[in-house]
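Me: I would be grateful for a close look at a single part of the structure shown below. Please give one connected account.

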Amino acid sequence: MLVRANVNGEWRTADVWAGASLLHMLREHLGLPGSKNACEQGECGSCSIWLDGELVCACLVLAGQAHEREVRTVEALSARETLHPVQEAFLEVGAVQCGFCTPGLIVAVADLLMLDPSPDEPAVREALSGNLCRCTGYQKILDAVRLAAERMRAR
Amino acid sequence: MSVRILPGTRGGVGESVRRVDGVPKVKGAFQFASDLWAEGMLWGYTLRSPHPHARIRAVEISAALTDPGVHAVLLAADVPGKKTYGLEFSDQPVLAWDRVRYAGEPVAVLAAADLETARRATERIRVDYDVLPAVTDMGEALRPDAPRVHDFGNVLRHIRIEHGDPGAPADVWVEGYYETGMQDQASLGPEAGLAIPADDGGVDLYVATQWLHVDRMQIAPCLNLPEEKVRLYLAGVGGAFGAREDVSMQVHACLLALRTRRPVKMVYSREESFYGHVHRHPSRIWMRHGARRDGTLVNVYARILMDGGAYASSSAAVIGNASTFATGPYEVPNALIEGTCVYTNNPPCGAMRGFGAVQVCFAYEAQMDKLARALGMDPVEIRLKNALGTGSVLPTGQVITGSAPVREVIRRCAAIPLPEEPAASRGGDPCSYPGGAGNVSRGEGLRRGMGFAIGFKNIAYSEGFDDSAEVRVKLFAGPAGPVAEVHSAAAEVGQGIHTVLTQIVRTGLGVEHVLLHPPDTQVGSAGSTSASRQTMMSGGAAQLACAVVREELCARVRRRAEAEGRALRGEITLEGGAVLAGNAPVGRVEEFLEMPIECVRTYHHRRTQPLDARGQGDVHVALAFAAQRAVVEVDEELGLVRVVQVATAQDVGRAINPQNVAGQIEGGTAQGLGLALMEEIQLQDGQIRNASFTDYLIPTILDMPPVISVLVEEPEPGVPFGAKGVGEPSTVVSTAAIVAALRDATGRELNRVPVRPDDLIGLSPPVASPGPPPSPDVPGPEPIPKRAGLAAGQADLMRGD
Ligand code: FES
Ligand code: FES
């Protein structure tokens, strides 16, 4: 089936199998592999993106459901050369190891800080509880959220 | 005249510099193996056995081939070369023929235009199985009438270590039986790679692995190609933790690419990943500890049984570790240790972070707590009393010559402030109860507990294996000053070796601009990214190569001075891209680089020995130690747990990148917490029952406590910068520390991990054993079959027979 969606500000069309996920369409048809595929079951958050501004797991959305809608992926966050403050904070505190969870976490954290510029720690933990990371033990991810929030508030 | 590097170069050893691969990783632009793409590429898919043990009568592939999207279906008969592979012993079929030995074993591979077509066509392959009786219990595997997994029997390796007088009497004895479950590495990045057929008849493979060269050593004979025609390139690795030590899709993708003459990509789904890599060995351990009244250890008996699953993988080395570490980081004058790893029809087990040291740490630390209780001693005090130090003798007779700050890590860990008491920290937030928002109580059944554990792990390969590492360093003049390039095949799996290599070269050459050549097989082997060894081994090679480059630069400086009739006074030093003689500037580094300087060096660690017939030998290169203290809260009525805090002190030798070291400790602790509280592959008659992230749980951000880490820096003599590997000790100890805290909170025995809610509320009794687990009646440490030893296995691989 033909799916037309506004992806990171550009209208794109893909011819996908009716059962394909939006994650599959982004990765395999539109050349946007930034969103990752660690479970394809909605458990890990590696595929976190925005659909019409809502944070979703792209693996749980059918490609067809994105028809005529707006999709934003991690690739959009640093389209211009400068990094997003969340990306900057992840690098600075060492919240990246293998990096497979990172794009999903960056999107989830950017979403959280958009909705709540000063989340307390329990709120951060709750908001990120759907994003698995096998490498870091999450401590530095919490540090990164704190740092990014501070900097974004100061702007 | 020698050159000395002044500490003026930024981004060198000891600094928390940012990751070299950080920017693409945060942008989503880093190319992981599962992101690879090539023009005209096909997708590979694997058909796996549904049975743990069966004879293959016939395979019918014609129905699968009718789909026009399908380009090839391959069976064992299509493997042009050697039909088996393996890390240490080549016992695993590339594709099964005649017999399948575990549920999930690959039987056929298929290439099709897209993944969906491949998956569906695979369902049309018909395999006629004659199901055989399976042995899926490690204890049963040793019975004489058990089904044989391999014709030579079910014992994979048996080790017996006799130390001092195993009959020595003691004042107090404590005995215990322990079990650990099968843990999965659960790297977020799936097994993946892309094979591209080359014009010379060879193949280029881009793959996520831990050791490019050992993959190639196994792949090339199967393809019947000389090694130089099999070129490997490291693709982005989404975590490894041991799971990528063994070959998974490598040979399959190459076979399909060579057959179809098209690029072939293979990516495992999460479910397939659970079948497609080895796991942490489940274990059954019995121990008896004897001590004097004052708490001094006198004697330890240990019997360890591990389930190696259907194929050898690295089991021989894992049981080697478990056996040689069975008494813990303690001085034990007398010991008898019997370790056995068996073959079963369960999925194969092999390397996972901690590698045999995790299971025994859970057991010996529980024993030390039992002993402390029996003697009325403090758990920290009894550990201090018996701690190893430099000069101590291990049960293998090995004398510790390196640094062993065991008392130091214990003291530093114990001194970390405890978390606040419950009332204050909770702040009325019910989400802070064990179980979080799922806890519907008002906190009536909450009990706090504290546990302490210490443990240790070997750095680099043991038992006589020379896992050397090669590095090439090139210094040349760039447009804006000198540039160094470092080329190593060391696999970056997330732990940070690539960043560490650039730091070492910066320090080694006094040059800030350091490039990393992409890792591939065009340079010599770096050895495996495992056993906490890369910083020492590849880091050591980089340091050696830099020294040679520096000498050459220095010689050029002197030659030019001589030619110009100038005398250079004082030592020649490099700093921030400048050459100094004494304190006088001689010129910019790049002035001496009309011709680049290039050097390849190989680092070997000190030689070790295999175990002899009595389990004696200088087997380990170096040891790293850690202490952890866990504070937990248990809801005694609901069986829910919250880990409140983990405090840890780790012996790191020297921290090359302190921030990365802390990251390794935190991540390693999370995996230990996972084994303590939730992670287990559920097996039923050889079938994995929970092959998904819905059913196999790993710690989330809600499960992880703050981890407070202290780095103890006591440099290891004779190794580069004195740096010890840091990836594993935290995983070794955290399971033991957390379960000790759970015992303290509940007063229950808790002798099996992962601990379940049932265990915490007393619904299920502790696991029991009528006595020690069985041990085969075979003498000495000789792996069975004899060829399965580390060296023999590697030699076998190299012969390619
Ligand atoms: S891949 Fe979508 S949640 Fe895991
Ligand atoms: S950094 Fe590897 S999974 Fe998070």
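How many salt bridges are counted between chain B and chain A? Please build the answer around that interface and then follow chain B inwards.

Reply: The count between chain B and chain A is 6 salt bridges, in a model that is predicted. One pair that forms a salt bridge is B:Asp35 with A:Lys36, whose closest N and O atoms are 2.6 Å apart. Polar contacts are also found here, with 25 residue pairs counted between chain B and chain A, both residues at pLDDT 80 or more. On the side of chain B that touches chain A, the elements giving two or more residues are α1 (22-27), α3 (115-122) and α14 (658-677) of chain B. The most comes from α14(B), with 8 residues. By class, this side of chain B has 25 nonpolar, 18 polar and 12 charged residues.

The extent of the interface can be stated in two ways. In residues, the contact takes 55 from chain B and 49 from chain A. In area, about 4,200 Å² is buried between chain B and chain A, and carbon and sulfur atoms give 56% of this. Within chain B, the residues that lose the most area to chain A are B:Val26, B:Leu188 and B:Ile701, together 19% of what that side buries.

Turning to the interior of chain B, the domain assignment gives domain 1 (4-30 + 468-603), domain 2 (33-132 + 190-237 + 244-276) and domain 3 (283-462 + 610-760). The centres of domain 2 and domain 3 of chain B, taken over C-alpha atoms, are separated by 36 Å. Contact between these two domains of chain B involves 21 residues of domain 2 and 26 residues of domain 3. Together they bury about 1,900 Å², with 57% of it on carbon and sulfur atoms. B:Glu88, B:Tyr102 and B:Phe274 supply 31% of the area that domain 2 of chain B buries against domain 3 of chain B, more than any other three residues. Between domain 2 and domain 3 of chain B the count is 0 salt bridges, while 9 residue pairs are in polar contact across their interface, both residues at pLDDT 80 or more. On the domain 2 side of this interface in chain B, β6 (92-93) and α6 (270-276) are the elements that give two or more residues. Here α6(B) gives the most, with 4 residues. The residues of that side divide into 10 nonpolar, 3 polar and 8 charged.

Helix α6 of chain B also takes part in a salt bridge, formed by B:Arg48 and B:Glu272 with their closest N and O atoms 3.1 Å apart. B:Arg48 lies in strand β2 (residues 42-48) and B:Glu272 in helix α6 of chain B, so the pair ties together parts that are 224 residues apart in sequence. B:Arg48 counts as buried at 15% relative accessibility, and B:Glu272 is buried with a relative accessible area of 8%.

Another salt bridge of chain B joins B:Glu512 and B:Arg10, again with the closest N and O atoms 3.1 Å apart. B:Glu512 lies in the loop between α12 (497-509) and β22 (514-517) of chain B, and B:Arg10 in the loop between β1 (3-5) and α1 of chain B, so this pair ties together parts that are 502 residues apart in sequence. B:Glu512 counts as partly exposed at 31% relative accessibility, whereas B:Arg10 is exposed at 60%.

Notes. Residues are numbered from 1 along each chain as its sequence is written. Chains are lettered from A and ligands numbered from 1 in the order in which they are written. This is a predicted model: local features need pLDDT of at least 70, side-chain atom pairs count only at pLDDT 80 or more; totals for chains, interfaces and linings use all residues. Side-chain values use heavy atoms; hydrogens and water are left out. Domain bounds come from an automatic or database domain assignment. Contact means heavy atoms within 4.5 Å. Buried area is the accessible area (1.4 Å probe) that two parts lose on being put together, summed over both. A salt bridge is a side-chain nitrogen of Lys or Arg within 4 Å of a carboxyl oxygen of Asp or Glu. A polar contact is a pair of N or O atoms within 3.5 Å; within protein, one must be able to donate a hydrogen and the other to accept it, and residues adjacent in sequence count only if both atoms are side-chain atoms. Ala, Val, Leu, Ile, Met, Phe, Trp, Tyr, Cys and Pro count as nonpolar, Asp, Glu, Lys and Arg as charged, and the others, Gly among them, as polar. Buried means under 20% relative accessible area, exposed over 50%, partly exposed in between (1.4 Å probe, protein chains only).
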